[in-house]
Amino acid sequence: MSDQTFRALVVEEGGGSRSAAIRDVPMAELPAGEVLVRVAYSTLNYKDGLAVTGKAKILRGSPMVPGIDYAGTVVESASPDYAPGDEVILTGWGVGERHWGGFSQLARAKAGWLVPLPAGLSLRQAMGVGTAGFTAMLCVQALERHGLRPGGRDVVVTGAAGGVGSVAVALLSAAGYQVVASTGRPQEADYLRALGAHEIIDRAALAGPGKPLESERWAGAVDTVGGTTLAGLLRSTAYGGAVAACGNAGGFELSTTVLPFILRGVALLGVESVMVPLPERRAAWERIARDLPLGLIDRMTEVIPFDALPAACEAITNGQVRGRTVVDVNA
Ligand SMILES: NC(=O)c1ccc[n+]([C@@H]2O[C@H](COP(=O)([O-])OP(=O)(O)OC[C@H]3O[C@@H](n4cnc5c(N)ncnc54)[C@H](OP(=O)(O)O)[C@@H]3O)[C@@H](O)[C@H]2O)c1
């Protein structure tokens with residue numbers, strides 16, 4: 001980064017061509033915004049992988065800097081809410097989709113999009129959590145609002161070795177739940193046990209065809225996979241239980257019957273992280289800082305230099321990334 005330029009991953013689309021490359025960007029090209037942030041870390045989320053590789057239409061505008069989250073330090077602020085030197089987190093709000101995002105050494109944001117870094121978390125740890133971990137927290141809170149409490153039947157997490165899944169396993173286990181991790185990667189069993197899973201199951205067990213209702217197994221579920229996996233969860237959730245659905249890594253269609261809903265009172269809870277109002281965001285981040293053991297964040301996080309990001313984007317869309325990938329945009 002110099003006085004006149006900063007490094008960013010820029011995607012340019014149009015006229016039938018597409019490019020995604022890390023390059024020096026003139027300061028004058030950084031779009032306007034209330035708060036200028038020197039980005040310390042961004043992260044790799046499934047959506048970022050799709051955006052950079054172009055495997056799904058995520059980006060709305062060109063040129064666009066992807067990266068749906070970042071953590072950094074305020075450089076300039078036109079808002080009374082933030083001053084130079086403040087450490088902040090940003091997730092969602094269409095940043096990295098329709099507004100220039102975190103795969104960049106500098107970013108501008110509306111003040112209302114930012115959350116102050118909670119006490120107890122470093123900028124790197126905050127991005128170890130990132131959008132994925134924030135979403136996992138929202139899932140846990142949705143299940144608890146429904147009435148889930150420790151001490152009952154098992155709670156299952158699907159896509160457990162992925163980003164949302166890893167944080168969900170860690171959060172639920174730290175809160176005292178008996179957590180079952182569903183994964184297609186049996187080689188990650190030790191990793192998942194270290195995060196607190198007490199049992200590992202093969203993801204095929206949930207995704208196969210089945211009867212409209214199966215044995216009541218789960219008090220609750222965090223589902224990052226969707227498709228036949230979500231249908232399988234609904235069939236095997238116990239009376240009064242709930243499934244928090246936040247992802248579609250395995251498909252966005254849902255073929256089910258009404259029987260889990262009308263015979264067992266099962267609830268399907270939709271979880272969305274992009275437009276969550278600020279008070280709920282701050283509360284979720286405060287709880288993450290309080291309840292998620294820092295050692296587990298470090299255990300599930302790999303930090304990569306900026307130049308390694310394009311290859312990692314390809315890997316996450318192929319289900320090959322474990323846990324959370326933090327991007328050091330200054331390395
Ligand atoms: N609602 C929201 O606001 C929100 C926010 C964040 C993320 N999400 C969504 O949540 C999902 C997970 O995101 P992430 O960042 O955690 O991604 P990720 O790190 O790639 O994790 C996804 C995991 O899903 C499993 N998986 C991948 N492909 C699969 C397939 N074809 N069939 C079954 N399982 C498959 C894999 O876990 P195993 O190897 O353990 O099987 C993979 O690690 C994505 O769909 C993402 O778009 C939604």
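In the predicted model, helices α1 and α10 (residues 309-317) pack with their axes 8 Å apart and at an angle of about 115°. The crossing in which α1 passes α10 is left-handed. On the α1 side, the contact involves Tyr 46, Asp 48, Gly 49, Leu 50, Val 52 and Thr 53, which meet Pro 310, Cys 313, Glu 314, Ile 316 and Thr 317 of α10. By residue class, this contact comprises 6 nonpolar, 3 polar and 2 charged residues.

Helix α1 (46-53) also takes part in the surroundings of the ligand, where it supplies at least two residues of the shell. Helices α2 (123-146) and α3 (163-174) likewise each contribute at least two residues to this shell. In total, 32 residues surround the ligand, and the closest are Gly 159, Gly 162, Thr 183, Gly 247 and Gly 250. Polar residues number 16 in the shell, alongside 12 nonpolar and 4 charged residues. At least three residues of the shell are drawn from domain 1 (5-117 + 294-328), and at least three from domain 2 (131-270).

Within helix α3 lies Ala 168. This residue is classed as buried because 34 other C-beta atoms lie within 10 Å, the threshold for burial being 20 or more. Leaving aside residues up to four places away in sequence, Ala 168 touches Ala 136, Cys 139, Val 140, Val 157 and Val 222. For the pair formed by Ala 168 and Val 222, a sequence separation of 54 residues is accompanied by a C-alpha to C-alpha distance of 7.3 Å.

At the level of the whole chain, the domain assignment gives two segments, 5-117 and 294-328, for domain 1, and residues 131-270 for domain 2. The centres of the two domains, taken over C-alpha atoms, are separated by 29 Å. The contact between them takes 12 residues from domain 1 and 13 residues from domain 2. On the side of domain 1 that touches domain 2, helix α9 (residues 294-300) provides the largest share, with 3 residues. The residues on this side of domain 1 divide into 4 nonpolar, 4 polar and 4 charged. Both domains thus appear in two settings, at their mutual contact and in the shell around the ligand.

Methods:
Residues numbered from 1 in each chain as written. Predicted model: local features only at pLDDT ≥ 70, side-chain atom pairs only at ≥ 80, totals over all residues. Near = placed C-beta within 6 Å. Helix = DSSP H or I, 4+ residues; strand = E, 2+ residues; numbered from the N terminus. Nonpolar A, V, L, I, M, F, W, Y, C, P; charged D, E, K, R; others polar. Domains from an automatic or database assignment. Axes fitted to C-alpha atoms, helices over the stretch in contact; angles between N-to-C directions. Left-handed = near helix turned anticlockwise from the far one by under 90°. Contact = placed C-beta atoms within 7 Å. Buried ≥ 20, exposed ≤ 12 C-beta atoms within 10 Å, placed from the backbone.
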